[in-house]
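Here is a short set of exercises to work through with the structure open beside you. Try each task before you read its solution.

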Amino acid sequence: MKILCLTPPMGFCEGFVEALGGEAHFIEKKKFPDGETYIRFPISVADEDVVIVHTGFPEQNDRLMEVFLAVDTARDLGASSVALVMPYMPYARQDRRFREGEPVSIKVVLEILAELDLDYLVVVDIHKEYSLSHFGPGAFNVSVLPYLAEKIKDEVENPLVLAPDRGATLRAKSVANVLNAEWDYLEKRRDRVTGEVTIKPKQISAEGKTVIIVDDMISTGSTLALAAKHLKEAGAKKVIALVAHALMVGDAEKKLKEAGVDRVITANTLAKDYPNIVKVIDVSKYIANFMKERELV
Ligand code: R5P
């Protein structure tokens with residue numbers, strides 16, 4: 001097996017290779033002056049089982065072009081099998097045609113990967129697991145949220161787990177199980193045109209609690225900030241956000257701090273540096289073990 005790192009999440013390739021054995025090989029890449037993407041495999045992959053490690057953030061469009069080129073090139077160069085470990089799958093939130101005339105973006109991305117003859121795909125906490133049906137058999141979603149919860153379990157006193165919307169309730173339950181805590185949810189609405197988020201008022205008994213708000217991701221921070229504000233008003237002593245992907249776009253950190261979020265706990269699924277409020281937990285070995293257990297590697 002050859003592990004090829006394309007644009008891997010921060011610190012991911014090192015742990016992944018340590019868990020699976022072998023060596024990490026970094027695919028060369030550059031941008032041509034006109035903005036086009038170039039990649040080159042540094043080793044021969046003929047007759048090898050190739051595992052490409054890559055993330056889809058930041059700069060999703062460039063990351064997608066890179067991965068399309070890499071998967072196809074591995075095939076062309078004679079790899080026996082080609083797998084992709086892509087902890088953050090971009091375009092996953094456009095999983096439906098919310099308004100007439102829109103694309104189902106995640107369908108386009110996954111259909112291209114399937115068409116390129118990728119043998120299997122491993123993603124982390126994809127927005128909606130059912131999207132993976134667009135890839136067909138061989139797509140696996142690993143939720144790292146229970147693992148993150150396990151890692152903070154001893155530091156959390158009097159926890160209450162909260163989903164910021166109904167879509168996040170299963171994730172919240174999985175975290176509540178680990179923390180042996182009660183859970184609840186809020187009802188969020190996002191305006192499909194302006195993107196503005198509102199939360200329906202709801203009585204939550206959060207007095208004196210450490211509230212853990214669980215979601216798949218933070219993008220601009222609007223959802224988490226609104227939920228945190230609500231929880232602080234309901235008497236929460238501390239608010240922790242636990243998310244698989246902390247994109248932290250724009251002034252997300254400021255927004256979260258102002259809303260009373262004390263800490264963001266996340267996994268290393270993105271190729272970026274994180275601001276101070278974020279604590280990053282390495283999930284590379286967890287993903288490697290998932291793949292070993294399923295005999296994918
Ligand atoms: C949406 O349904 C997702 O689960 C997240 O709640 C959302 O993407 C977070 O985005 P933002 O941080 O911009 O509110």
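**Exercise 1. The shell around the ligand**

By class, how many nonpolar, polar and charged residues does the shell around the ligand have?

*Solution.* Before counting, keep in mind that this is a predicted model.

- Step 1. Start with the shell itself: 14 residues surround the ligand, where a residue counts if one of its heavy atoms lies within 4 Å.
- Step 2. Look at the closest of them, which are Asp 215, Asp 216, Thr 220, Gly 221 and Thr 223.
- Step 3. Sort the shell by class: two residues are nonpolar, six are polar and six are charged.

**Exercise 2. Polar atoms beside the ligand**

Find which residues place an N or O atom beside an oxygen atom of the ligand, using a cut-off of 3.5 Å.

*Solution.* Take the residues one at a time.

- Step 1. At Lys 188, a polar side-chain atom lies 3.2 Å from an oxygen atom of the ligand.
- Step 2. At Arg 190, an N or O atom in the side chain is 3.1 Å from an oxygen atom of the ligand.
- Step 3. At Ser 219, turn to the backbone: an N or O atom there lies 2.8 Å from a ligand oxygen.
- Step 4. Now consider cover. On its own the ligand has 380 Å² of accessible area, and the protein covers 91% of that.

**Exercise 3. Where the ligand sits**

Which elements give two or more residues to the shell around the ligand, and what space does the ligand take?

*Solution.* Begin with the elements, then move to the space.

- Step 1. The elements are strand E11 (187-190), strand E13 (210-218) and helix H6 (222-233).
- Step 2. Strand E13 provides the largest share of the shell, four residues.
- Step 3. The ligand takes up the space of the largest pocket.
- Step 4. That largest pocket holds about 910 Å³ of space, and 36 residues line it. Closest to its centre are Arg 93, His 127, Lys 188, Arg 190 and Arg 192.
- Step 5. Check the elements against the pocket lining: E11, E13 and H6 each supply at least two residues, and E13 gives the most, with four.
- Step 6. By class, the lining of the largest pocket has 13 nonpolar, 10 polar and 13 charged residues.

**Exercise 4. A closed space**

Which residues lie nearest the centre of the largest cavity?

*Solution.* A general idea helps first: rolling a probe the size of a water molecule over the atoms shows where empty space is left.

- Step 1. Count the cavities of 30 Å³ or more: there is one.
- Step 2. Note the volume of the largest cavity, about 70 Å³.
- Step 3. Of the 13 residues in its lining, those nearest the centre are Tyr 88, Met 89, Ala 92, Ile 126 and His 127.
- Step 4. By class, the lining of this cavity has eight nonpolar, two polar and three charged residues.

**Exercise 5. Backbone details**

Is the peptide bond from Phe 57 to Pro 58 cis or trans?

*Solution.* Most peptide bonds are trans, and most residues other than glycine have a negative phi.

- Step 1. The bond from Phe 57 to Pro 58 has omega near 0 degrees, and is cis.
- Step 2. Locate Pro 58 in the loop between strand E5 (49-53) and helix H2 (60-76).
- Step 3. Glu 59 is also in the loop between E5 and H2, and has a positive phi, near 55 degrees.
- Step 4. Finish at Glu 295, in the segment after helix H8 (284-293), where phi is positive too, near 55 degrees.

Technical notes. Residues numbered from 1 in each chain as written. Predicted model: local features only at pLDDT ≥ 70, side-chain atom pairs only at ≥ 80, totals over all residues. Heavy atoms only, no water. Polar contact = N/O pair within 3.5 Å; in protein donor to acceptor, adjacent residues only side chain to side chain. Areas by Shrake-Rupley, 256 points an atom, 1.4 Å probe, with all protein chains shown as cover. 1 Å grid on protein atoms, 1.4 Å probe; cavity = no way out; pocket = protein on both sides within 12 Å on 5 of 7 lines; lining within 4 Å. Sits in = over half its atoms within 2 Å of the grid points. Nonpolar A, V, L, I, M, F, W, Y, C, P; charged D, E, K, R; others polar. Points joined across faces, edges and corners; volume = space filled by probe spheres on them.
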